[in-house]
Amino acid sequence: MAAETSYEGGSPSDIDFDELSYRITSRNEHPVVQYVRELPFESAVYPANMYHGLSDGSNGCRKGLITWCPPGHDPERPKRKGCGFIREKGSVGDEGIRYTACTEDKTHYARGRRSHCWSLHCPECMNDAVLRAGTRVEEQLNAYRILTEKQGGDPGPLGHWVVSPPQEEAKGWVQTIGAFGALRKYVEGCLQDVGAKAGCLVFHPWRQTPDLWEFSPHFHSILFGFLDTDRFRRDNPGWIIKKVHAGEEVESIGQTAAYLMTHMGLGMVERDPLDVDYDFRFLCHMLPGLSDDCSRAEEDEPFRFTDQDESDGAEGKGRMAGDVSGMDWLEFAARPLSYPTRMTYFGLASHRNIRTVAVEREYRTRVCRECGMPLNVYGGMCDHEGEPARFLFENPIRTFRKDYSIVEGGIRLLSSSLGQRKKLRLSEISPDVSLIVSRDEVTSQTLGQKDREQRE
């Protein structure tokens with residue numbers, strides 16, 4: 001049954017529809033996004049090293065070559081993926097846009113619902129994609145921090161650092177995946193050698209100048225630990241390392257990571273067609289969920305289970321295994337011929353060192369951060385009742401790799417002792433267990449810290 005909606009100051013007829021329309025359609029974008037879209041980018045191709053480390057070209061293959069581009073620079077993607085506002089069928093103009101709003105007061109929160117491909121390449125989805133990616137970085141790094149503190153350790157101070165290799169050499173190193181992968185690992189290793197305990201590394205091929213984005217390869221890192229910068233410079237003559245806002249800690253990991261991703265390098269690596277197993281890829285499409293190997297290597301594969309698939313499946317609907325309706329076979333053949341580079345974590349925050357031991361899923365109702373009241377989804381401005389805004393929440397339970405076998409064994413023992421009487425909810429006991437941390441726990445501590453900072 002749809003929840004009734006109350007409106008501050010009177011009945012639904014008293015709503016300022018122009019103001020509501022503005023709130024629904026306004027784009028809350030990071031200021032840097034404007035410069036990413038408007039300023040030209042210098043070519044990241046370095047001719048002198050174009051074919052360094054590539055195949056001999058006898059079959060026309062340039063295996064390992066990286067093509068770099070900035071976020072939001074695929075203008076055709078929104079059309080291909082159907083990104084943009086979701087409108088009611090038969091509606092005209094902004095009045096038919098589906099939107100989510102606070103049930104207590106729509107001035108608290110009101111935002112049009114969008115169909116997202118969640119790709120950084122998409123100009124429509126870029127801003128929301130970087131915010132979501134920033135949240136994931138915050139969860140990963142804070143999982144390390146909380147696990148360390150719960151076990152009596154010191155995670156170290158949090159800082160934002162910039163590392164710049166000698167530019168002429170760096171411009172050549174970033175042309176191929178072999179040289180770039182070695183450079184990235186070298187930077188991660190050097191940071192750990194001089195005191196970094198855990199962090200993430202974001203690659204920027206360009207620096208902003210007044211007139212353009214200049215090709216100038218460098219790395220940004222959000223990390224925990226004291227860094228011996230003198231030692232770093234002695235070990236790496238000609239390199240530059242500096243802390244952004246020296247003397248201060250990062251106020252928000254998520255916002256800082258999102259800012260860095262607004263202008264990070266998106267690299268596509270060319271692959272030899274002979275290295276592609278098309279038979280296995282087709283089998284994965286016919287049996288969705290058979291393997292997630294391809295989805296790790298490539299972006300938004302059509303045969304992996306998505307959040308929407310999970311949601312549809314819970315409601316008894318969704319695509320059938322083996323469904324090839326609407327399949328673009330040219331895209332299916334061409335897509336695996338290249339794959340994207342990824343932002344990486346290192347040290348005790350790497351995916352190798354922080355393992356997911358379980359994932360709990362449940363439907364939840366979104367609430368307003370302003371007043372705590374539920375949010376409703378409305379089918380356009382003429383809908384005054386709406387329905388609860390529910391979503392499928394995934395709550396991963398993480399642990400350090402060194403504790404994985406102990407935690408896994410403990411979960412089996414607890415589950416068997418409870419039997420059929422009660423289902424074990426790890427997220428409920430996580431705050432009292434030093435070896436695990438849940439997404440709920442990370443989120444609650446992060447929000448609590450932000451509230452304390454705002455009060456201070």
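Begin with the aromatic rings: a search of the whole structure finds 16 aromatic pairs. A pair here means rings of Phe, Tyr and Trp (its six-membered ring) whose centres lie within 6.5 Å; planes under 30 degrees apart count as stacked, over 60 as edge-to-face and the rest as tilted. The model is a predicted one, in which local features need pLDDT of at least 70 and side-chain atom pairs count only at pLDDT 80 or more, while totals for chains, interfaces and linings use all residues. Residues are numbered from 1 along each chain as its sequence is written, and side-chain values use heavy atoms, with hydrogens and water left out.

**Aromatic pairs**

Select F41 and W213. Their rings form a stacked pair, 5.3 Å centre to centre with 5° between the planes. This pair links distant parts of the chain, 172 residues apart: F41 is in the loop between α2 (31–38) and β1 (66–69), and W213 is in strand β8 (residues 213–224). Helices (H or I, at least four residues) and strands (E, at least two) are DSSP runs, numbered from the N terminus. W213 counts as buried, at 2% relative accessibility. Buried means under 20% relative accessible area, exposed over 50%, and partly exposed in between (1.4 Å probe, protein chains only).

Next, select Y278 and F332, a tilted pair with 6.5 Å centre to centre and 50° between the planes. Y278 lies in helix α9 (residues 278–286) and F332 in helix α12 (residues 329–334), so the pair ties together parts that are 54 residues apart in sequence. Y278 is partly exposed at 28% relative accessibility, whereas F332 is buried at 10%.

Then display W68, F180, F203 and F219, which ring pairs link into a cluster.

**Charges over rings**

Turn to K106, whose charged end sits over the ring of Y378, 4.1 Å from the ring centre. The criterion is that NZ of Lys or CZ of Arg is within 6 Å of the ring centre and within 35 degrees of the ring normal. R114 offers another case: its charged end sits over the ring of F85, 4.1 Å from the centre of that ring.

**The nonpolar cores**

Select W68 again, this time together with V187, L191 and L227. These are the residues with the most contacts inside the largest nonpolar core, which has 32 residues. Such a core is a set of buried Ala, Val, Leu, Ile, Met, Phe, Trp, Tyr and Cys residues joined through side-chain atoms within 4.5 Å. At least two residues of this core come from each of α2, β1, β6 (158–164), α6 (177–193), β7 (198–208) and β8. The largest share, five residues, is supplied by α6.

Centre the view on L191. Leaving aside neighbours within four places in sequence, L191 is in contact (heavy atoms within 4.5 Å) with V163, A196, L201, S221, L223, L227, I241 and F346. Apart from the largest core lies another, of 29 residues, among them L141, I146, L260 and Y345.

**Helix α1**

Select residues 17–25, which form helix α1; L20, S21 and I24 are buried there. Seen down the axis of α1, the buried residues fall within an arc of 100°, so they line one face of the helix. The arc is that of the directions from the helix axis to the C-beta atoms. On the face turned away from this buried side are the exposed residues D18 and Y22. To see what covers the buried residues of α1, add elements including β2 (84–85), β3 (98–102) and β4 (110–112).

**Individual residues**

W118 is found in the loop between β5 (114–115) and α4 (126–150). Its phi is positive, about 55°, although W118 is not a glycine. Most residues other than glycine have a negative phi. W118 is partly exposed, with a relative accessible area of 35%.

H245 lies in the loop between β9 (240–243) and α8 (253–261). H245 also has a positive phi, near 55°, and is exposed, with a relative accessible area of 58%.

Finally, select P340 in strand β11 (residues 338–340). P340 is buried, with a relative accessible area of 13%. From P340 to L266 the C-alpha to C-alpha distance is 7.1 Å, although the two are 74 residues apart in sequence.

**The whole protein**

Zoom out to the complete model, with its 15 helices and 17 strands. Of its 456 residues, 44% count as buried. Among contacts between residues at least 6 apart in sequence, 78% join residues at least 24 apart.
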